[in-house]
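Reader: I have a structure I would like to go through with you. Could we take it feature by feature, starting with the charged pairs?

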Amino acid sequence: MTEIEKKRGFHYGYLIVACCCIFSATSVSLAFGCAGVFYTPVSEAIGVSRGVFVISFTCMSLTAGIGVKIMTPFVEKYSLKLAVTALLLLQSGCYFAQAQFTDVWMFYITGALLGVVVSLTQSIVATVAITRWFKTNTSFFIGFSSSMAGVSGIIINPIAGKVMELYGWEVAYMMYGAIILLLAIPFAVFVFKDFPEDKGLEPYSGKNRNFEEENDRSNRQNEISIEYRDAVRSKAFFAVTGAISCFVCTCCFVPYVASYASSLGMSITFAASLAGAAQIGSLIGKNTIGFAADRNPIFLVTLGPFVPLIGLIILLVSGGRSVPLLCIGIVLVGSIYAASTVGSPLVVIEVFGMKNFMKIYGSICVFTSLAGAAVSPLMGMIVDLCGGSFNVILAISAAMCAASIVLGLYAFKEGKKMKKILMKAEYSELSEKIFERV
């Protein structure tokens, strides 16, 4: 802690964490965890199948990957604050517009625009802002802020379901637009800052000496970074891309939770509440994985996908016949968001280092967004072909969780190997320079 921090007794970095929490609880939650409640009522209202309507989510996934590639250099060169504010205004406008839509193609357009928004708000904003403002416990703060999407999902999903029953889905979309406009945008404009220097501060270094020592070791390790051109040609790159793609594809099931509950004969209110239960898993998982990753990064690719795998197995075995098991299974499955939103950027940092993180992560997101874009509507189509049964989807999702564990462990192994080779090369080069001077 600096002298300035001691005098003020409070570091502004905590308000940056609060901003990240708000962005997650509004922008990210409404776009992902709270989107599924619209699938059945809107598709029925405009006269299309769920699979056709969910193509709007596919459009969002596609532009999200491209958006990361575009927004990354913009954020590095210009202002993260400016980018966040503009994108939140765009998101609010999209929701107000969707309340007036009557044709499915209109949702495809706003879906594409929302993809650009969440390309920044889902992972990049918290990862970049928190690593700028904190030197310790960055994984925990990233996980904590991201978990607020689960908190708001628990609250918003049942409210949105009730609003639909009483007033229709159009009013629910207007409610979403108002949440962004009245809550997220004021924080982006008046509270959020790009750098500690903007407030005359240094990054918060923490009070606990043990944490500082652990963080110093972590920072030294992350200073050993793989160059971008070497990273994208490596086996580790393809393994990380495969693991994160599996995370993303499994996440595509979560927006279907409400429809899954409806297929079991549940009411729309209970179905919406069950979608909220998935957010409980997201909430617990993000905090847990962030805390665990600060102590051992291997949990990112083991604990992250293993918990939702257990949940999917419970759903398959129980067949939805037991309401308690159904709720437990959905909560566990919801934790896949922890692996995807919190784990994905941290896995990239752990394998390749921090120096070229944004460039490497942007390239990976192009591939993972294509995977998510393909799988999301495919799930809806498979459900329609199976007469409304979700068993095939559950089995595929379970297989992807298992595959992500294998690929993730292999990526960690290859990443360590690459860093050791780089360290030896740097040591050899340093030795030669010293020998030449002698």
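Author: Let us begin in helix α20 (residues 391-437), where E414 and K417 are 3 residues apart and therefore separated by about one helical turn. Their side chains form a salt bridge, with the closest N and O atoms 3.3 Å apart. Please keep in mind throughout that this is a predicted model.

Reader: Is E414 buried or exposed?

Author: E414 counts as buried, because its relative accessibility is 9% and the cut-off for buried is under 20%. K417, in contrast, is partly exposed, with a relative accessible area of 40%.

Reader: How many salt bridges does a search of the whole structure find?

Author: The search finds 3. One of them joins the side chains of K162 and E165, at 3.8 Å from N to O. These residues are 3 apart in helix α9, so about one helical turn separates them. K162 is partly exposed at 42% relative accessibility, and E165 is partly exposed at 37%.

Reader: And what about R132 and D194?

Author: The side chains of R132 and D194 meet in a salt bridge at 3.5 Å, N to O. R132 belongs to helix α8 (residues 124-133) and D194 to the loop between α10 and α11 (209-223), so the pair ties together parts that are 62 residues apart in sequence. Both R132 and D194 are buried.

Reader: Before going further, what pLDDT does the chain average?

Author: The average is 85, and 91% of the residues score at least 70.

Reader: Which elements have the lowest and the highest mean pLDDT?

Author: Helix α1 (residues 3-8) has the lowest mean, 49, and helix α10 (residues 169-190) has the highest, 95. Where pLDDT is low, the predicted coordinates should not be read in detail.

Reader: Moving to the surface, which residues make the nonpolar patch?

Author: The patch is made by L89, F96, M174, L181 and L182, and it covers about 460 Å². Helices α6 (80-98) and α10 each supply at least two of its residues. The largest share, 3 residues, comes from α10.

Reader: How does L181 count in terms of accessibility?

Author: L181, a residue of helix α10, counts as partly exposed because its relative accessibility is 38%.

Reader: What does T26 touch?

Author: Leaving aside neighbours within four places in sequence, T26 is in contact with I179, I180, L183 and A184. T26 is found in helix α2 and is buried, with 2% relative accessibility.

Reader: And where is T26 relative to V347?

Author: The C-alpha atoms of T26 and V347 are 25 Å apart in space, while the residues are 321 apart in sequence.

Reader: Now the interior. Which residues touch the most other members of the largest nonpolar core?

Author: F253 and F352 do, in a core of 140 residues. Not counting residues up to four places away in sequence, F253 touches Y260, L315, V333, M379, F390, I393, L394 and S397. As general background, nonpolar side chains tend to be buried together in soluble globular proteins.

Reader: Is N157 buried or exposed?

Author: N157 counts as buried, at 0% relative accessibility. This residue lies in helix α9 (residues 138-167). Not counting residues up to four places away in sequence, N157 touches G33, C34, V37, S152, A272, A275, G276 and Q279.

Reader: Back towards the start of the chain: where is Y12 found?

Author: Y12 is found in the loop between α1 and α2 (13-31). At 13% relative accessibility, Y12 counts as buried.

Reader: What does Y12 touch?

Author: Beyond residues up to four places away in sequence, the contacts of Y12 are W133, F190, V191, K193, K199 and L201. Y12 and L201 are 189 residues apart along the chain, and their C-alpha atoms are separated by 8.2 Å.

Reader: One last item, the backbone. What is phi of N137?

Author: Phi of N137 is near 55°, a positive value in a residue other than glycine. N137 lies in the loop between α8 and α9 and counts as partly exposed, at 21% relative accessibility.

Terms used:
Residues numbered from 1 in each chain as written. Predicted model: local features only at pLDDT ≥ 70, side-chain atom pairs only at ≥ 80, totals over all residues. Heavy atoms only, no water. pLDDT = per-residue confidence, 0-100. Helix = DSSP H or I, 4+ residues; strand = E, 2+ residues; numbered from the N terminus. Patch = residues over 30% accessible without salt bridge, like charges linked within 9 Å, V, L, I, M, F, W, Y side chains within 5 Å. Areas by Shrake-Rupley, 256 points an atom, 1.4 Å probe, with all protein chains shown as cover. Salt bridge = Lys/Arg side-chain N within 4 Å of Asp/Glu carboxyl O. Buried < 20%, exposed > 50% of the residue type's maximum accessible area, 1.4 Å probe, protein only. Core = buried A, V, L, I, M, F, W, Y, C linked by side-chain atoms within 4.5 Å. Contact = heavy atoms within 4.5 Å.
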